[in-house]
Every structure is written in structure tokens, then in C-alpha cells.
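Here are a few exercises to work through with the model open beside you. Try each task on your own before you read its solution.

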Amino acid sequence: MTARIDSQYGEIGIDNDVISKVVGIATTGNYGVVGMVSKNQIKDGIQNILGFDNYSKGVVINHDDDKIIVEVYVTVEFGTKISEICRNVQRSVKYDLQRYLGIQANVVNVYVQGIRVTDE
């Protein structure tokens, strides 16, 4: 499914893969986020923490009428304030979608799937 934007020159369609990559880049740029995680861990076996190269993994885009609902599945760093990380992810995802694609995300849900202890 694609997001559709009407412009003065016609219609623009933006594929969910493009939206997912912008969301993934916005998410991984936040302090405290150490990885993106697949939504369905049972199906995928053990929890697989994915590197930053695959930005669209851990992102689910849903369209409900004219609304875009974004779900992000992340692993965070131990010792950080999870609620603050989630708020920052929500803000940056909404901002980047509007800035780069001209799309307004109505809802951004952040799901913390794990915590990782990192070496300092």
C-alpha cells in the first residue's frame, strides 16, 4: 500500500518501504536506541537485533482511511530513561516524515522489545 499526496501537478504515491526507511533512520538517530527488532519474535525465532543497515525492519506502517499509523519496535540501552527515548522517537519520526516526505503520521507507537547492556 502507498501513501498518496495530491499536488498541483498530479498525484504522488510513496511506497511503504520508503516510509519505513525514513522512520528507521529517524528512530536509530535517537540517543538510547541501540537496534531495531522484528515485530514478530516468535515467528522469527530468537530475538534478532538488527544492525542499522536494515532500517525498515522493526517498522510497521498501517493506513486507516486517510490516517497513517506507524509502529516502531526497538531495543534500548540499559540505564537510559525509556519513556524519554520513546517520546524522542515519536517526535523525530513525525518531524522527519513531514520534512522529507510531506506525510503527517497521526500516531507513532513505540514498542520496546528489549534492553541491551553496552560496553562503555
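**Exercise 1. Work out how contacts and burial are spread over the predicted chain.**

Solution. Start with the contacts between residues at least 6 apart in sequence: 65% of them join residues at least 24 apart. Next, take burial: the chain has 120 residues, and 38% count as buried. Finally, list the secondary structure, which comes to 3 helices and 7 strands. Walking along the sequence, you meet them in the order β-β-α-β-α-β-β-β-α-β.

**Exercise 2. Find the aromatic pair and classify its geometry.**

Solution. Step one is to search the whole structure, which gives 1 aromatic pair. Step two is the geometry: the ring centres of Tyr73 and Tyr111 lie 4.9 Å apart with the planes at 15°, so this pair is stacked; the cut-off for stacking is under 30 degrees. Step three is to place the partners: Tyr73 sits in strand S6 and Tyr111 in strand S7 (residues 107-116), so the pair links distant parts of the chain, 38 residues apart.

Now add accessibility, remembering that buried means under 20% relative accessible area. With a value of 7%, Tyr73 is buried. Tyr111, at 33%, is partly exposed.

**Exercise 3. Describe the surroundings of Glu71: is this residue buried or exposed, and what does it touch?**

Solution. First locate Glu71, which belongs to strand S6 (residues 67-77). Then check the accessibility: Glu71 has a relative value of 13%, so it counts as buried. Look next at its side chain, which makes a polar contact of 3.0 Å with the side chain of Tyr73. Last, leave out residues up to four places away in sequence; Glu71 then touches Lys39, Gly58, Val59, Val60, Asn62, Asn109 and Tyr111. Both members of the stacked pair, Tyr73 and Tyr111, therefore appear in this exercise too: Tyr73 through the polar contact and Tyr111 through the contact list.

**Exercise 4. Characterise the largest pocket: how much space does it hold, and which strand gives the most to its lining?**

Solution. Begin with the volume, about 170 Å³. Then go through the lining, which includes Thr2, Arg4, His63, Asp65 and Lys67. Strands S1 (2-7) and S6 each supply at least two lining residues, and S1 gives the most, with 4 residues. To finish, sort the lining by class: 4 residues are nonpolar, 3 polar and 4 charged.

Conventions. Residues are numbered from 1 along each chain as its sequence is written. This is a predicted model: local features need pLDDT of at least 70, side-chain atom pairs count only at pLDDT 80 or more; totals for chains, interfaces and linings use all residues. Side-chain values use heavy atoms; hydrogens and water are left out. Buried means under 20% relative accessible area, exposed over 50%, partly exposed in between (1.4 Å probe, protein chains only). A polar contact is a pair of N or O atoms within 3.5 Å; within protein, one must be able to donate a hydrogen and the other to accept it, and residues adjacent in sequence count only if both atoms are side-chain atoms. Contact means heavy atoms within 4.5 Å. Rings of Phe, Tyr and Trp (its six-membered ring) pair if their centres lie within 6.5 Å; planes under 30 degrees apart count as stacked, over 60 as edge-to-face and the rest as tilted. On a 1 Å grid over the protein atoms alone, a cavity is a set of points where a 1.4 Å probe fits but cannot get out, and a pocket is an open set with protein on both sides within 12 Å along at least five of seven lines; lining residues have an atom within 4 Å of a point. Grid points are joined across faces, edges and corners, and a volume is the space filled by probe spheres set on the points. Ala, Val, Leu, Ile, Met, Phe, Trp, Tyr, Cys and Pro count as nonpolar, Asp, Glu, Lys and Arg as charged, and the others, Gly among them, as polar.
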